[in-house]
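Me: I'm new to reading protein structures and I'd like to know where the labels come from. Can we go through a few of them together?

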Amino acid sequence: MAAPMSAIESAWQVLIANFTEFQLATVVTFLLHETVFFLSGLPSLLFERFGLFAKYKIQKKSNTPAYQNRCVLRLILYHVCVNLPVMIFSYPAFRFMGLRSSLPLPHWTVVVSQVLFYFVLEDFIFYWGHRALHTKWLYKHVHSVHHEYATPFGLTSEYAHPAEILFLGFATVVGPALTGPHLFTLWLWMVLRVLETVEAHSGYHFPWSPSNFLPLYGGSDFHDYHHRVLYTKSGNYASTFVYMDWLFGTDKDYRKAKTIEEKEGKNL
């Protein structure tokens with residue numbers, strides 16, 4: 001006698017019964033990404049626009065509403081014209097590498113171990129790719145688009161030159177490509193990665209921010225420094241964790257700045 005399906009498996013059964021795997025891996029994945037991205041990214045935009053939670057804002061400067069709107073409109077354009085086509089055309093490659101959507105869902109230990117592997121691998125590849133983008137030619141012609149927002153808010157996390165979207169997007173998909181994951185695992189990885197990068201670009205550091213609780217996690221304060229200083233001195237290149245910058249000494253200026261801030265805070 002077969003074991004009863006969990007609520008998640010029952011919901012998954014509905015999905016695979018009503019959509020083809022191609023639809024799930026492309027259009028539904030795109031819609032899931034857009035939903036999570038905009039719902040998680042809009043709060044920091046609104047906080048900045050209406051001056052909410054000002055005591056937790058990392059920079060005193062704020063973007064104008066017009067500048068915020070410019071970001072949103074371009075993001076929609078980039079997502080529809082770059083992200084969606086990439087998802088569609090990369091589907092055969094993922095199928096070849098073992099992507100599946102059928103039941104049963106993978107055991108939770110497999111899901112957790114794969115997602116952790118994706119985070120570590122993505123952070124390593126992203127570090128070197130991001131560091132390369134801060135060389136003179138690549139910064140001028142590609143990465144400077146992302147740095148148009150020296151005072152980031154959540155949605156600026158994916159505001160980038162199309163070439164950068166493809167270049168650094170490789171870091172996000174290489175882990176899943178190596179393991180040939182279940183689509184459920186791929187979706188979980190995508191959601192967590194979106195939430196992480198939106199938080200890192202939020203421009204706010206709250207008492208409940210993940211970096212206050214998770215060892216080695218960079219977060220908003222760590223990445224905000226990267227945006228607000230000159231590109232040749234910014235450092236803090238890693239996407240999620242802090243150890244790559246520590247190992248290669250690219251966080252020294254940030255650490256010095258934090259030490260100064262702490263000393264000034266004690267003297268107030």
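**Where the labels come from**

Reply: Sure, and keep in mind that this is a predicted model. Let's start with helix α8, where G219, S220, D221, F222, H223, D224, Y225, H226 and H227 are buried.

Me: What makes α8 mostly covered?

Reply: It's a matter of counting: 9 of the 10 residues in α8 are buried.

Me: Why is N236 called buried?

Reply: Buried means under 20% relative accessible area. N236 has a value of 0%, so N236 is buried. You'll find N236 in the loop between α8 (219-228) and α9 (243-247).

Me: What makes the pair of N236 and F222 a polar contact?

Reply: The cut-off is 3.5 Å between N or O atoms, and one must be able to donate a hydrogen that the other can accept. Here a polar atom of the N236 side chain lies 2.6 Å from the backbone oxygen of F222. Beyond its neighbours within four places in sequence, N236 also touches other residues, including H223, Y225, D245 and Y254.

Me: Now the helix pair. Why is α4 called oblique to α7?

Reply: The axes of α4 (residues 108-133) and α7 (residues 183-200) come within 10 Å and cross at roughly 50 degrees. Under 35 degrees would be roughly parallel, and 65 to 115 roughly perpendicular. The angle fits neither range, so α4 is oblique to α7. The crossing is right-handed.

Me: Which residues make that contact?

Reply: Among them are V111, Y118 and F126 of α4, and F184, W189 and R193 of α7. By class, the contact has 9 nonpolar, 2 polar and 2 charged residues.

Terms used. Residues are numbered from 1 along each chain as its sequence is written. This is a predicted model: local features need pLDDT of at least 70, side-chain atom pairs count only at pLDDT 80 or more; totals for chains, interfaces and linings use all residues. Side-chain values use heavy atoms; hydrogens and water are left out. Axes are lines fitted to C-alpha atoms, for helices over the stretch in contact, and angles run from 0 to 180 degrees between N-to-C directions. Helices (H or I, at least four residues) and strands (E, at least two) are DSSP runs, numbered from the N terminus. Angles under 35 degrees count as roughly parallel, over 145 as roughly antiparallel, 65 to 115 as roughly perpendicular and the rest as oblique. A crossing is left-handed if the near helix is turned anticlockwise from the far one by less than a right angle, and right-handed if clockwise. Contact means heavy atoms within 4.5 Å. Ala, Val, Leu, Ile, Met, Phe, Trp, Tyr, Cys and Pro count as nonpolar, Asp, Glu, Lys and Arg as charged, and the others, Gly among them, as polar. Buried means under 20% relative accessible area, exposed over 50%, partly exposed in between (1.4 Å probe, protein chains only).
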